[in-house]
Amino acid sequence: MTTVEVLTYRSDMSTILKDSRRRSPFWYASFTNSEGRRLKKSTKTTDKELAKKMAAEWESIGKAGRAGRLIESQCRKVVSEIYEQATGKPLHYVTARSSFNQWIEDKKSEKVSERTLLKYEQIVREFLAHLGKKADEMLSQVGDADLKAFRNSLARAGHSPSTVNGAIKILRSPFLAAHKRGYIAADPCAGVGLVDDYADIEKDVFTPEQIGALVAEAEGDWKGAILCGFYTGLRLKDVTELRWESIDPGLTKLELVPRKTRRKKKNRKVVLPIHPVFAAWLRKQTRGIGKAPVFPSLAGKSGGGKSGLSMIFRRIMERAGIQGRILRERNGEGRSQSSLSFHSLRHSFNSALANADVAQEIRQKLTGHASAAMNEVYTHRELEPLRQAVAKLPRV
């Protein structure tokens, strides 16, 4: 392209000019870049004064670059000033920290529960700490590699797959919000997968003798919670949040929508008969009205943490002299994971039914499993019935 200086402006070696053939209405800037090369670049504007400003700023940036004084903040300032002059609106540069803090403030206005907000703040705090200096750089500089590194660091620290995946799921929300606001061109979470959760597959079962020992060592509501876990197969939070309205007056059955299906918005209700042993414990309690908790000392407590429900149950196991296999070592941070936990009562419930020859279809209804394949994961058959079955094969 041939250009001539139809109108020119010179400032510290910068010049503006127009195309001699008038193929473009815009002003061109002639300036020296950071490598010392003379360039001509369209300003994409017909405004002479704005073109002068852009040419001078590009020349200034090139000069700073040649002197080794160019910094990112200076480039941002120049681009921001040019954008504001052209549009009349300020150009916002959003760092990772400011974007995440804005997301937290938005969540406060949405009136999420205090516990949920604390969890959000914890994950954001840990992720920003993981980013280090990058937390105060442009949000667009944070990519899927940073998220994968954070995910892997949590896994190496000994956190369970569900904890690791929960953190990644939480981080998806602020990145999606930033993408919708136009702060980032693409959502980096799209390329970050979750870790496989083998917790259910690796769990062991309690023997009847061990369950008896647990009940003997437990105190107060924990005695009933352990009986409920074994005789209903309910998960820990479903047990501790159980309400009297879910139990019929005759103590023959209970009905509820498990938290896991409720979170998935499936609202699949399970109806469970109440075993006589658990019913006997219930009769000794003062029946509450409506939403009154069956286990008031456990209701509303967190499952995790040093004083959480899972840790308290682990201490009951220790007093009962029960120890599971170590599935995951502590490795300096987080906590080790055992093959025996409160969730093992759910495995014990399903496995005891299977070993009593209860059909899988019935077991699936009782556990609320969506598929036979998932129910099979929870089925730990005793060896002797299997040995007797194999012995029936003909000799060859």
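## Burial and an unusual backbone angle

A residue counts as buried when its relative accessible area is under 20%, and in this predicted model Leu251, with a relative accessible area of 11%, is therefore buried. Leu251 belongs to the loop between H10 and S6, and its phi is near 60 degrees, a positive value in a residue other than glycine. Most residues other than glycine have a negative phi.

Another loop residue can be described in similar terms: Met138 is found in the loop between helix H4 (114–131) and helix H5 (144–156), and its relative accessible area of 14% is under the 20% limit, so Met138 is buried. Although Met138 and Tyr183 are 45 residues apart along the chain, their C-alpha atoms are separated by 9.2 Å.

## Strands S3, S4 and S5

Strand S3, which covers residues 14–19, has five of its six residues buried, so S3 is largely enclosed by the rest of the structure. S3 pairs with strand S4 (residues 28–32) in the antiparallel sense over three bridges, and within this pairing Thr15 has Ser30 of S4 as its bridge partner. Lys18 and Trp27 also meet in space, the charged end of Lys18 sitting over the ring of Trp27 at 4.8 Å from the ring centre.

S4 in turn pairs with strand S5 (residues 38–42), again in the antiparallel sense, over five bridges, with Ser42 of S5 as the bridge partner of Tyr28. S4 and S5 make up a hairpin that has five residues between the two strands, and in its turn Gly36 has a positive phi of about 90 degrees. A contact from further along the chain involves Ala29, whose C-alpha atom is 9.7 Å from that of Lys53, the two residues being 24 apart in sequence. Lys53 is part of helix H1 (residues 48–66) and is partly exposed, with a relative accessible area of 28%.

## Aromatic pairs

Twelve aromatic pairs are present in the structure. In one of them, the rings of Trp222 and Phe313 have centres 6.2 Å apart and planes at 40 degrees, and because this angle lies between the limits of 30 degrees for stacked and 60 for edge-to-face, the pair is classed as tilted. Trp222 is in helix H9 (residues 221–232) while Phe313 is in helix H13 (residues 309–319), so the pair ties together parts that are 91 residues apart in sequence. Both partners are buried, Trp222 at 7% relative accessibility and Phe313 with a relative accessible area of 1%.

A further pair, between Phe278 and Trp281, is stacked, with 6.4 Å from centre to centre and 15 degrees between the planes. Both of these residues lie in helix H12 (residues 276–283), three residues apart, or about one turn of the helix, and both Phe278 and Trp281 are buried. Elsewhere, ring pairs join Phe100, Phe127, Phe150 and Phe175 into a cluster.

## The enclosed cavity

Rolling a probe the size of a water molecule over the atoms shows where empty space is left. The structure contains one cavity of 30 Å³ or more, and the largest cavity holds about 50 Å³ of space. Its lining is made up of Gly233, Leu234, Arg235, Asp238, Pro258, Val270, Leu272, Arg346, Leu366 and Thr367.

Strand S7 (270–273) and helix H15 (360–367) each contribute at least two residues to the lining of the largest cavity. By residue class, this lining comprises five nonpolar, two polar and three charged residues.

## The second largest pocket

The second largest pocket contains about 310 Å³ of space. Among the 14 residues that line this pocket, Glu241, Arg243, Glu245, Ser246 and Leu256 are the closest to its centre. Helix H10 (236–240), strand S6 (253–256) and helix H11 (259–263) are the elements that give two or more residues to the lining of the second largest pocket.

Which residue classes make up the lining of the second largest pocket, and how many residues fall in each? The lining divides into three nonpolar, one polar and ten charged residues.

Terms used. Residues numbered from 1 in each chain as written. Predicted model: local features only at pLDDT ≥ 70, side-chain atom pairs only at ≥ 80, totals over all residues. Heavy atoms only, no water. Buried < 20%, exposed > 50% of the residue type's maximum accessible area, 1.4 Å probe, protein only. Helix = DSSP H or I, 4+ residues; strand = E, 2+ residues; numbered from the N terminus. Pairing = 2+ DSSP bridges. 1 Å grid on protein atoms, 1.4 Å probe; cavity = no way out; pocket = protein on both sides within 12 Å on 5 of 7 lines; lining within 4 Å. Points joined across faces, edges and corners; volume = space filled by probe spheres on them. Nonpolar A, V, L, I, M, F, W, Y, C, P; charged D, E, K, R; others polar. Phe/Tyr/Trp six-rings, centres within 6.5 Å; stacked < 30°, edge-to-face > 60°. Lys NZ or Arg CZ within 6 Å of the ring centre and 35° of its normal.
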